[in-house]
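Colleague: Could you take me through one part of this model at close range? I would like to follow a single helix and its contacts, and then see the surroundings.

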Amino acid sequence: MQVPAAAGEAPAAGLPSEAQVLEALKVVKDPEIPVNVVDLGLIYGVDIAPDGLVDITMTLTSVGCPVQDLIRADAEMAVGRLDGVSSVNVEFVWTPPWGPDKMTDDGKRQMRMFGFNI
């Protein structure tokens, strides 16, 4: 079993960095909320293994979200396009639960622009 690089460690040559994975995930949006999953604070972790497997731990704004499969597919496709990625695994977790406090300042600004009271 291969061990992912420790947080803050430079990725192996040819692999994307955590920052590059997060940037790729910014194209993934919940169809009901006009903000990307990164700025919504839905991404809880990114692990990049030396063999190019990217494990993403994330949550959704609510348990039983009807677009869970769509968001998973979009995340896998977005990250799978990065150089050095051999496969992508998205795992949804519910602890800790999501709340607006997890959003980035940019995410909160975007929500206010669309009329949400955040």
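Modeller: Happy to; what follows starts at helix α3 and then moves on to the core.

Please keep in mind that this is a predicted model. Helix α3 spans residues 105–113, and a good place to begin is Gln110, which is found in this helix. Is Gln110 buried or exposed? With a relative accessible area of 12%, Gln110 is buried, because the cut-off for that label is under 20%. Its side chain has a polar partner: the side chain of Asp39, at 3.2 Å. Leaving out residues up to four places away in sequence, Gln110 touches Asp39 along with Pro34, Val35 and Asn36.

Next to Gln110 in the sequence comes Arg109, which forms a salt bridge with Asp106; the closest N and O atoms are 2.4 Å apart. Why are these two about one helical turn apart? Arg109 and Asp106 both belong to helix α3 and lie 3 residues apart, so about one helical turn separates them. Arg109 is partly exposed, at 39% relative accessibility, and Asp106 is partly exposed too, with a relative accessible area of 32%. In general, side chains of opposite charge can pair when their charged atoms come close.

The whole structure has 2 salt bridges. Besides the pair in α3, Lys26 bridges to Glu23, with 3.8 Å between the closest N and O atoms. Here Lys26 is partly exposed at a relative accessible area of 31%, and Glu23 is partly exposed at 49%.

Now for the two sides of the helix along the chain. In the loop between β3 and α3 you will find Pro96, and the peptide bond joining Thr95 to Pro96 is cis, with omega about 0°. In the segment after α3 comes Phe114, partly exposed at 49% relative accessibility. Phe114 belongs to a nonpolar surface patch with Met113, Phe116 and Ile118, and together they have about 400 Å² of accessible area.

Finally, the interior. The largest nonpolar core has 29 residues, and Leu25, Val37, Ile56 and Met58 have the most contacts inside it. Elements giving two or more residues to this core are α1 (18–25), β1 (43–48), β2 (53–58), α2 (68–80) and β3 (87–92). Of these, α2 gives the most, with 4 residues. For a view from one core residue, try Ile56: setting aside residues up to four places away in sequence, Ile56 touches Leu25, Ile43, Gly45, Val79, Val88, Asn89, Val90 and Glu91.

Technical notes: Residues are numbered from 1 along each chain as its sequence is written. This is a predicted model: local features need pLDDT of at least 70, side-chain atom pairs count only at pLDDT 80 or more; totals for chains, interfaces and linings use all residues. Side-chain values use heavy atoms; hydrogens and water are left out. A nonpolar core is a set of buried Ala, Val, Leu, Ile, Met, Phe, Trp, Tyr and Cys residues joined through side-chain atoms within 4.5 Å. Buried means under 20% relative accessible area, exposed over 50%, partly exposed in between (1.4 Å probe, protein chains only). Contact means heavy atoms within 4.5 Å. Patches are made of residues with over 30% relative accessible area and no salt bridge: like charges are joined within 9 Å, nonpolar side chains (Val, Leu, Ile, Met, Phe, Trp, Tyr) within 5 Å. Accessible areas come from the Shrake-Rupley method with a 1.4 Å probe; for residues, only the protein chains shown count as cover. A salt bridge is a side-chain nitrogen of Lys or Arg within 4 Å of a carboxyl oxygen of Asp or Glu. A polar contact is a pair of N or O atoms within 3.5 Å; within protein, one must be able to donate a hydrogen and the other to accept it, and residues adjacent in sequence count only if both atoms are side-chain atoms.
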